[in-house]
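Trainee: I would like a close look at a single part of this protein, set in the context of the chain as a whole. Please begin with the surface and then proceed to the part itself.

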Amino acid sequence: MVSAQELLHSHREVLLDWLSVNPTPLLRWLADAGVLTAEQYRAVLERSPTNKVANVLEQVCVSEQNSRGFLQVLRQVQGYYCTQLQEWIHQYCTETPPEPPSEPQPNPPGGKKKTKSLLSKWFPKGKSQEFTLPQKDEVPLNAHKNTLLRQTERLMSYSEGEGQDSSSHAHIDIRYTELFVTEDDEEVTHSQHEYFTLASRRSPIYPHQTCRLIQPRDLLNPKSQTGCSPQRVKVKGIAGIGKSVAMQRLLYEWALGKHLQNFSCVFDLRFRELNLIDGPISLHELLASRFLYLQDILLDLFKQAKSLLFILDGLDEFKHQLDWDSKDRDLTVESKIPVPELLVALVGGNLLPECSVILTTRPSTDAPKRFFPRCCVVLGFQEKHVEEYTMKFYKDPPVAKKVFNYIARNDNLFALSFIPLYCYIICSALAEFFSTDHKSEEESLDLNPPRTVSEVYYCYLYTTIKHHALKDKAETNSRPQILAVVKKQLMNLGRMAYENLLRNRILFDREDLEKFGLDPRGIRSTFLSQILVSLKEEKVEMFAFFHLTIQEYLAALFCVVSFSSHTEILTGLDYWCFGELQLPAESPPLTLNPLPAGDYLECPRVENLQMFTRFLSGLLRARLARLLEGMAENSLGGDDGGLPSQLGDWFQSQFKNRKLPNQMTLNLLHCLMELHLQETTSRAAPEIRRLNLFKMKLSVVDCAAVHYVLQFSKHLLKELNLGYSNIGNKGFSRLGPILHRCESLYIRYNCLGTDAAILESTVLKSEDCQVKKLFMCGNKLGPEGARVLWEALEHNNTVEEVYLDITGITESGTENLVQCLSKNTALKSLTVVGNDLGEVGWERLRDLGRGRPDLRIIGHFVDDLGLLEAYLGWVEEMRADRDQMESVKNADALQSVLKGLWLSKGTGENAVKAKELETKILQLLENSELSALRAK
C-alpha cells in the first residue's frame with residue numbers, strides 16, 4: 001500500500017500548483033495542528049508563496065507521521081482550494097468505510113463493492129466530511145474568505161507604502177501584538193487633545209480593577225452579567241491605537257475558519273470608503289458593489305441575517321454627520337436612502353435587526369451608548385507588549401534589544417510607545433542609530449539618538465526623506481542638501497497641514513492638494529507617499545496624513561521654518577497656547593485667510609493644539625541648533641542668541657500673570673522640556689511658586705516634565721499639589737530631586753507604596769528639607785513605610801503637619817513611633833485615622849500623646865469636628881467625580897472610614913457628624929459599584 005510520504009513525493013508538482021495560489025490556510029492549520037513547530041511556521045511565512053509550499057512539503061515528508069498529519073489538515077482546508085485538489089483528496093484521502101462482516105458477503109444487487117482510497121486506513125472514522133461538489137453559496141463564500149485572507153494577512157503601516165518593509169516582519173501572525181482592550185463604561189466627554197485624554201484614561205487603571213482583557217474574537221461573546229451575546233459592539237480608541245488592526249485580525253481569523261464561525265459571512269466596510277459614495281443607495285446595492293463575488297447570494301444571506309456580521313471601521317473619518325435621533329422608518333435591503341441614514345438604520349436595528357455590528361471610532365466622534373450593549377476601549381500596549389512589538393519589528397534580535405532598552409530608559413519615548421503607531425514611528429526613527437553596521441555600541445550611541453518627542457519625529461521624517469526622496473541624487477548627502485531638495489514640497493505640505501489643523505480637518509480632496517501646490521498625480525512616486533494616505537474608489541480620491549501627529553508635526557515645521565522674527569514667534573505662542581490674536585493682526589499667524597469660526601480659539605480648540613505647541617517648541621530648538629539648514633534661514637531677523645532669553649521672559653510672564661488651568665500649566669511645562677534650553681527654563685522656573693495639578697492623572701513623562709522645569713529653580717515651592725493624580729512609585733521617583741523644596745506637599749491617593757515612603761524619608765532627612773506639611777493619605781505605605789517615616793522625622797526640624805489617613809499602617813508600623821517622635825520638636829499635628837493599629841498600636845499612640853502634650857494627635861474620626869466636616873465634603877466630591885471614586889476604591893478608603901467610625905463613638909456634635917458621615921458613605925455604597933464593599 002502507498003504510504004503518505006510516497007503519495008506526497010509522487011504528487012509534489014501538482015500540489016505545488018494547487019496550493020501556492022493561497023498557502024495561508026494550509027500553513028496556519030498545520031501550525032495549529034502541531035505538524036509545523038512555531039519556529040518552522042515563522043520561518044516559512046517569510047518565503048514566497050511557491051517556496052512556502054515547497055518548504056513545507058520538504059519538512060513534512062521527513063517522517064510518515066508528519067506526512068499523514070499534512071494530509072489530514074489538507075482535508076480540513078480543502079474548501080479554500082480548487083476543485084481539482086478537492087477531487088484529489090476525495091480519491092486518495094477519504095475515510096475508511098465500515099468494517100465488513102466476518103463472512104464474505106455478495107455485492108448488493110446491481111451495485112459495486114465499495115472501494116477504499118489508498119490512504120483510507122490512516123484517517124479515523126467520523127473525523128472528516130465526504131467530498132461533495134460545492135453548493136451554490138459555498139463557492140462565492142470561499143472566494144470571499146480567500147479575498148479577505150489576501151487583504152488581511154500582512155500588517156503594513158501606511159507609511160510603508162505598497163512595497164514590502166525591509167526592516168520588519170510584516171505577516172500578521174508574526175507582527176501582530178496583543179492590545180489592551182477592555183470594557184468601557186466611561187460617560188465623560190473630553191475636549192482636550194486625544195493623546196492626553198488617553199493618557200488620563202490609562203492612568204487610573206488601579207490594582208483593584210480587574211480590567212478584563214478582551215481579544216477581538218471575543219467582542220461578541222456573552223456578557224458575564226447577563227449571559228447574553230451583544231449584537232452591537234462599539235470599540236473606541238484614539239488615532240493609531242490599533243482599532244483597525246484589531247479588526248483586521250478579527251477578519252483574518254474568521255476567514256481562516258478559526259474564530260467567529262457562527263457567522264456565515266462578515267462584511268467589512270470602512271467609513272473612509274463610504275465617504276466616496278454619492279446619492280441614495282440600498283444596502284443590497286452597496287454590498288453588491290463592494291463584494292462583487294457575493295452578488296448572486298446576497299439575498300439568500302439576508303434571509304439568515306442572524307449569521308451576518310458587519311464591521312464598520314472608522315466612524316471618525318466619515319464626512320457626514322449621523323442623526324442618531326432620527327425616527328425609525330420601514331426599510332428593507334432594497335430601500336434607497338442616503339448612506340448616513342442607511343448606517344444609522346443598520347446600527348440601530350431598523351435594517352436587518354438580527355445581524356451583528358461592530359463599530360470602531362475615535363473618542364472625538366462618539367455614537368450613543370444606548371445602541372451598544374457592549375462598549376470597549378482600546379488602550380494600546382501594555383509594557384510587556386512594547387518589548388514584544390520591538391522584538392518583532394526588527395529582523396536582527398541584537399538591534400531589537402538595543403532599541404527596546406533605549407526606549408525603556410527614556411521616559412518620553414516609553415510613555416509614547418504604548419500607542420502602537422507611535423511605537424512604529426519610534427522604532428523607525430531609532431533603526432539607523434542602532435544598526436549592526438556600526439562597529440560597537442559606543443559608536444552607535446555617539447550618534448545621539450533622539451530623547452524628546454520632537455526629536456523622534458525629526459529623525460523619522462529625515463530618515464523617510466533620505467530613503468525615499470534621494471533615489472536618483474547620489475551626490476546629495478549632507479543634511480542641508482537633503483532638506484533643500486524637499487523644501488518646497490515639505491513647506492506646501494506643512495501649510496496644508498497647519499491651515500487645516502486650525503480648522504480640525506483631517507481629510508483632503510484633490511482640489512485641497514492643488515490649492516497648496518501639491519500634485520496629486522505625483523504622490524505615489526515621491527516621498528509624500530510615506531506621509532499621505534490615498535483613498536481611491538472609482539472616480540473619487542481623498543487623502544489624509546497617516547497619523548494625526550504627523551499632520552501636527554508638519555504644521556509646526558511649516559511655522560518654525562516660516563518665522564522671520566522673534567516677535568512672530570511670541571505672538572504665535574499667544575495664539576496657539578491661549579487663543580489670543582494680537583492686534584493689528586486680522587488672521588491667525590502665518591495664515592492667509594481668517595478662520596470660518598472667527599479668529600479667537602475657544603478653550604477646546606486650544607487644548608487640541610497642545611501637541612502642536614510641543615512640536616513647535618522642539619523644532620525651535622532644532623532651528624537654533626541649525627538642524628533645519630537647507631530649509632530655514634539662520635537668522636530670525638535679529639540676534640538668534642537673544643531668542644532663548646526672550647522665550648524665557650514669555651514663559652515667565654505666563655506663570656506670573658495668568659491664572660492658568662491645570663492642563664495649560666502642564667502643557668507649558670512640556671513645551672519647556674521639548675525646547676530643552678537651559679537659559680529659557682532658568683528664567684521661567686523661578687516664577688512657579690505654586691504648582692497645582694490636582695486630579696490631573698499624570699504619567700511618568702508628565703512627572704519628568706515637572707522635574708525638568710522645577711530643577712532650574714532654587715526658590716521654595718510654596719505648594720505642590722498632585723492629589724489624585726495616580727503617579728505611582730515610578731512617577732514619584734522622577735520627582736524625588738525637587739521634593740525637598742516643597743513647603744506643602746500634597747500626594748494623596750496616588751497609588752504609592754512602601755518605596756514611595758522610603759523615598760520621602762530620604763527627603764525628610766535631607767539637610768536642605770523645607771517641607772512643612774506632608775499629605776500622604778490614601779496610599780498603601782504599609783507598616784514598613786510608616787516605620788521609615790517615623791525614623792526620618794526623628795531629627796527633622798521643618799515638618800509641622802503630617803497626614804497619614806488610610807495608609808495601611810498596622811500595629812507593627814508603630815513599633816518605633818514613640819521612640820522617634822518623642823525626640824522630634826517641630827511636629828505639631830499628626831493624623832492617622834482610618835488605620836488598623838490594634839490595641840498595642842493605640843496604646844503607643846496614647847504614650848506618645850502623654851510624652852508630647854504639645855503634639856495634636858488625631859487617631860479617630862470623632863476626635864476632630866473639622867476632620868469630620870472635611871470627610872463629609874470628600875464624600876460629596878465623590879458623588880460628582882468618578883475618577884476620584886476610583887482612587888478611593890483603590891485604597892479601600894470607604895471601608896477604612898466605616899471601620900474607623902465603628903471603632904470609636906464620640907459625643908455631642910462630633911457624634912452627630914460621625915453618624916451623618918456613616919449614613920452618607922452607606923448611601924454612596926448603595927448607589928454605586930462599591931456596594932460589594934458594604935458586604936465586607
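How much area does the protein chain expose, and what share of it do carbon and sulfur atoms supply? After that, please describe in detail how helix α39 and helix α40 pack.

Mentor: The model is a predicted one. Its protein chain exposes about 40900 Å², of which carbon and sulfur atoms supply 49%. Of the 936 residues in the chain, 57% are buried. The chain holds 41 helices and 16 strands. Among contacts between residues at least 6 apart in sequence, 77% join residues at least 24 apart.

Now to the helix pair. Helix α39 spans residues 893-903 and helix α40 spans residues 908-926. The two pack at an angle of about 145°, and their axes lie 10 Å apart. The crossing of α39 past α40 is left-handed. On the α39 side, the contact is formed by Leu894, Val897, Leu898, Leu901 and Trp902. These residues meet Ala914, Leu917, Glu918, Ile921, Leu922, Leu924 and Leu925 of α40. By class, the residues of this contact comprise 11 nonpolar, no polar and 1 charged.

For context elsewhere in the chain, 7 strands form an open sheet with parallel pairing, in the order β10-β11-β12-β13-β14-β15-β16. Strands β10 (690-692) and β16 (856-858) stand at the edges with a single partner strand each, so one side of each has no neighbour in the sheet. On average, neighbouring strands of this sheet are turned by 5° against each other, direction ignored. Within the sheet, β12 (residues 742-746) pairs with β13 (residues 773-775) in the parallel sense over 3 bridges.

How values were computed: Residues are numbered from 1 along each chain as its sequence is written. This is a predicted model: local features need pLDDT of at least 70, side-chain atom pairs count only at pLDDT 80 or more; totals for chains, interfaces and linings use all residues. Side-chain values use heavy atoms; hydrogens and water are left out. Axes are lines fitted to C-alpha atoms, for helices over the stretch in contact, and angles run from 0 to 180 degrees between N-to-C directions. Helices (H or I, at least four residues) and strands (E, at least two) are DSSP runs, numbered from the N terminus. A crossing is left-handed if the near helix is turned anticlockwise from the far one by less than a right angle, and right-handed if clockwise. Contact means heavy atoms within 4.5 Å. Ala, Val, Leu, Ile, Met, Phe, Trp, Tyr, Cys and Pro count as nonpolar, Asp, Glu, Lys and Arg as charged, and the others, Gly among them, as polar. Buried means under 20% relative accessible area, exposed over 50%, partly exposed in between (1.4 Å probe, protein chains only). Accessible areas come from the Shrake-Rupley method with a 1.4 Å probe; for residues, only the protein chains shown count as cover. Two strands pair if DSSP finds at least two bridges between them.
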